[in-house]
Amino acid sequence: MEFETVIGLEVHVQLATKSKLFSAAATTFGAEPNTQACAIDLGMPGVLPVTNKEAIRMAVKLGLGIDGEINYESVFARKNYFYPDLPKGYQISQYELPIVKGGHLDIYLEDGTKKTIGITRAHLEEDAGKSLHEDFHGMTGIDLNRASTPLVEVVSEPDMRSAEEAVAYLKTLHTLVRHLEISDANMQEGSFRCDANVSVRPRGETKLGTRTEIKNINSFRFVEKAINYEVERQINVLNNGDKITQETRLYDSEKNETRSMRSKEEAEDYRYFPDPDLLPIIIDDLFIDAIRDTLPELPQQKFQRFQQEYKLPAYEANTLANNIELAKYFEDTVRHAKNSAKSIANWMLGELTAHINRDNLETIACPVKPQHLAMLIKRIEDNTISGKIAKTVFEALWNKEGEVDEIIANKGLKQITDNTEIEKIIDTIIKNNPKQVEQFKTGNEKIIGYFIGQVMQTTQGKANPKQVNDILQTKLKD
Amino acid sequence: MTTLSEQDIRKIAHLARLQIPKDELKVHGENLTKILNFVEAINTVDTSDIKPMAHPQNLAQRLREDEVIETNQRELFQKLAPLTEAGLYLVPKVINNTEEE
Amino acid sequence: MHTKSIKELSKLLHKKTISCVELTKIFLERMEKYDSKLNSFITVTDELALIQAKNADKRIAENKTTPLTGIPIAHKDLFCTKDIKTSCGSKILDNFISPYEATMTNKLKQAGMILLGKTNMDEFAMGSSNENSFYGHVCNPWNLQNVPGGSSGGSAAAVAAYLTPVATGTDTGGSIRQPASYCNLTGIKPTYGRISRFGMVAFASSLDQAGPMATSAEDAAILLNHMSGFDVQDSTSMQEPVLDYTATLNNSLKGVTIGLPKEYFDENLTTGVAVKIDNVLTELERLGAKLKEITLPHSKLSAPAYYIIAPAECSSNLARFDGVRYGYRCKNPLDLEDLYARSRGEGFGDEVKRRIMVGTYALSSGYYDAYYLKAQKIRRLIADDFKRAYEDVDIILSPTTPTPSFAIGNSSQTPIEMYLNDIYTIPANLAGLPALSMPAGFTEGLPIGVQLIGNYFKEANLLNIAHQYQQVTDWHQQIPEGF
């Protein structure tokens, strides 16, 4: 039987506020344990939460970024359960009335296909602390520094059909929150965390299959691996005639497997109810519009503009638009070479990205500056150098060997455009390869590639391939 | 009429993380049953059109500016703690896998 | 000296007829001498009191005073007081020394008051007799065999026996007014949000309010002036300006319309109490007030709704007491579950456990709509009843409790009977309205209280009526025998 995968994602985005969601303690990452946990974060007796306005602003910003509906009235609710990293015995979250209702993100796959992923809701909640399981004489240590750090949980519709789509969605959301400057979205530090709801169903079936929730996936790569593992596991279970158990599963990246944490029967009864310490959050259009006015150009808008203004194909436009640094680099380069947007995009997604990745650099720190790349492309277009030679020049630029023209001159990379010089070389080659000349004349026109290769070898790539081809055609047909 | 069995009490007590000695389950069951029957009176009125009231005030929440005011008071707070080490609160080993809620 | 009003004491202190240290010593000696009979204090802060008194004397010498400078007070042990044990009457907080100060107690400290100690109470303010305390029951100064009421029973007994001039209490369903009534005091629960809840350990957050307990409306008014006000640390605290509640005490009652809800004069009300209420009404009419019968049709549902909402909130509020960061932790826990269940099981008393379980049940999956949500809807009906009533009347008057105080050990066995003590006081908490209880006379040697419920932020009206009544009666000046 052929199966279809259905995926919905729940992403926890840590908001980049200075202070906690409900207290005035700092949110800095990496502080000594429990030095940033104040009486409120510790759930001491008698203390009360007071909500951080900036967290509300950031959540609204996200809501606008996903084209969601901002609820004029939203309510904090208590989610009750006992766990040592949850000091109050409840987490303040939003349940029936989240701050953002609905919304969507457009994702673009490698092949350029666009897909719209629905977003059910985005709500504000406080983070829990951390349990440290290293051995404290067989005990667990609790650090509550992270307790009450603001999070927005973005819940998608079950609209994704493959791990690839899930990763594309995550990356799009990741870029968005960074564009909006509401989160550093650092996955290693846990400020962008993902749980995946995964199910499979026979292709053609409209009812959803029983799903499992995979927790603890902390990189894009693991999201893909965890989902693929889980899909395969579920298909095996079904093919064996068994049923999927609705449960929470934990992804173990070392073993690349998911394993059961707890089943639905063991699931906690969270006893949600409106937090009596916190009145409803009331937001008006004035508040929303003021935030709307501060929104930067969003990746989606940038994507549209790159396609229209620069005539970039969807894939290139999307890749550039979704990376703040790359997008800026691109437009800076275009400013130096107005009509070469497409070549610039190709160079950026090819050589530039490859070098950046190879040396593990930030785009901003890359030694080839926008004006360099623009000049390099100009030199290809005015036939000073060939595309192939340009790669040599790029490498030299990367190694900071000088400016473009300097490198071309110093290395003698200028293209040979003088006909007589090329003709001379070609004549020699024709003379030395009678067998191949014969083959050409008896109809094997493909052999011309061999001659071009010979010419390029002799000129060390400095001849213009088109020019060489033209001359060869004439000479061989003589 | 609602009647809570010893089994119900056990379940509720577990949810609330309260140890109830076996010989007290019965009397707790009886008391809770009495209380639940006392509060049943709320069902004598139709409230289908009534908006629930969570707060005595019909007001919006006041918000705080994003400022760090709190300072490190770990030493003071941990003086109150039954068991700490290296600045951490200690609890019996959590067997459940690392959970991110 | 110990029976004088705040105003009189303040005058004597300012005239230096007596020093703050001397005055404080008088009350500390009375506590020493009489509290063994009452058990009204959990903690006595005698050393601190004398230091504070010395400072107060200095302030008087420097002429930097308030009307409360040098006046001793006792706080219910539900308020966090920095560096002082704050137990909430519970074993689970028996070792809890608060690292911070409640906003309200801090205001009184800043006003120059002297803290004598922390008073006994029903565990986490759950109870109406003060029998649910880890520190033992409290006796009523008017009859040592009887309860002082609860949950602010320690504060009530201490003020009634003149061990302190005034005390603070908290009121979630009547915990200031009912003990005030049982101990012949004037106690007021202000409008919800009037006094900051920061540092007041929560029982039911949407119902809890602090308030003063005193021997007269005037003393209560002076104290309320300094307890009230907006607090940035409490999201539910109100920005409404604080009035000077003493300024209107002498207003005439001419033209004041008093509503008498017929539902409050029901079959639960004992004759002894009913007769005294009638006498109060006669007196108020003589002072110029007009009486009007009104109806609050959903009154009967108040207690049932309350006994869902309060336990539901408490089940969540008390989840933080888990033996991890502070408070009682059981010996040798086997595992995490055992740590939680035993620390809580051993640390909480029976009534607290009962309410946590009721609340847990009312919020649990499958029951939420039928219990909690339904109770919240009833709550609105009750609040709406009051809203309608205040279109016609200025104030609502009722008995505070159906009966006078009862014998210790009498109703501990049946929670429901105990719950019925609060049937007249609960509605004001559900609606968030201010309400006051004042002495209305005695029946068989036991004090009776009458309750006044005002519209939102009309504390001044309540205190005005009580004060005017106290100008023409002397119930509030009676002193229990042996004290």
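Select Arg201(A) and show what surrounds it: leaving aside residues up to four places away in sequence, Arg201(A) touches Glu2(A), Phe3(A), Glu4(A), Val6(A), Arg161(A), Thr206(A), Lys207(A), Leu208(A) and Gly209(A). Keep in mind throughout that this is a predicted model. Arg201(A) belongs to strand 12 of chain A, residues 192-202. Is Arg201(A) buried or exposed? Its relative accessible area is 9%, and because the cut-off for buried is under 20%, Arg201(A) counts as buried. For a sense of scale, add Ala77(A): 124 residues separate Ala77(A) from Arg201(A) in sequence, and the C-alpha to C-alpha distance between them is 34 Å.

**The sheet shared by chains A and B**

Next, select strands 9 and 10 of chain A with strands 1 and 2 of chain B. These four strands make an open antiparallel sheet in the order 9(A)-10(A)-2(B)-1(B). Strand 9 of chain A (130-136) and strand 1 of chain B (84-85) are the edge strands, each pairing on one side only. Where the chains join, strand 10 of chain A (residues 139-143) pairs with strand 2 of chain B (residues 88-92) in the antiparallel sense, over four bridges. To find this pairing, pick Met139(A), which stands opposite Pro92(B).

**The sheet of chain C**

Move to chain C and colour its strands. An open sheet of 11 strands runs in the order 1-3-2-4-6-5-10-11-9-7-8, with mixed pairing. Strand 1 (41-44) and strand 8 (290-294) of chain C are at the edges; each has a single partner strand, so one side of each has no neighbour in the sheet. From one strand to the next, the twist averages 30°.

Now isolate strand 4 of chain C, residues 166-171. Six of its six residues are buried, so strand 4 of chain C is largely enclosed by the rest of the structure. Val166(C), Thr168(C) and Thr170(C) point one way, while Ala167(C), Gly169(C) and Asp171(C) point the other way.

Strand 4 of chain C can be followed to two partners:

- Strand 2 of chain C (residues 72-76) runs parallel to strand 4 of chain C and is joined to it by two bridges. The bridge partner of Ala74(C) is Ala167(C).
- Strand 6 of chain C (residues 209-214) pairs with strand 4 of chain C in the antiparallel sense over five bridges. Gly169(C) stands opposite Gly211(C), and Thr168(C) has Pro212(C) as its bridge partner.

Add two helices of chain C. Helix 15 (residues 459-472) packs on the sheet and touches strands 5, 9, 10 and 11 of chain C, with its direction at about 20° to that of strand 10 of chain C. Helix 8 (residues 271-286) lies across strands 7, 8, 9, 10 and 11 of chain C, and runs at about 150° to strand 9 of chain C.

**Where chain C meets chain A**

Finally, display both sides of this contact: 38 residues from chain C and 30 residues from chain A. The area buried between the two chains is about 2,800 Å², and carbon and sulfur atoms give 60% of it. Select Ser235(C), Arg320(C) and Arg325(C), which supply 22% of the area that chain C buries against chain A, more than any other three residues.

How many salt bridges are counted between chain C and chain A? The count is one, and the side chains of Arg197(C) and Asp277(A) meet in a salt bridge at 3.0 Å, N to O. There are also 15 residue pairs in polar contact across the interface, counting residues at pLDDT 80 or more. On the chain C side, the elements giving two or more residues are helix 9 (302-317), helix 10 (336-347) and helix 11 (350-363). Helix 9 of chain C gives the largest share, four residues.

Terms used:
Residues are numbered from 1 along each chain as its sequence is written. Chains are lettered from A and ligands numbered from 1 in the order in which they are written. This is a predicted model: local features need pLDDT of at least 70, side-chain atom pairs count only at pLDDT 80 or more; totals for chains, interfaces and linings use all residues. Side-chain values use heavy atoms; hydrogens and water are left out. Buried means under 20% relative accessible area, exposed over 50%, partly exposed in between (1.4 Å probe, protein chains only). Contact means heavy atoms within 4.5 Å. Two strands pair if DSSP finds at least two bridges between them. Axes are lines fitted to C-alpha atoms, for helices over the stretch in contact, and angles run from 0 to 180 degrees between N-to-C directions. Buried area is the accessible area (1.4 Å probe) that two parts lose on being put together, summed over both. A salt bridge is a side-chain nitrogen of Lys or Arg within 4 Å of a carboxyl oxygen of Asp or Glu. A polar contact is a pair of N or O atoms within 3.5 Å; within protein, one must be able to donate a hydrogen and the other to accept it, and residues adjacent in sequence count only if both atoms are side-chain atoms.
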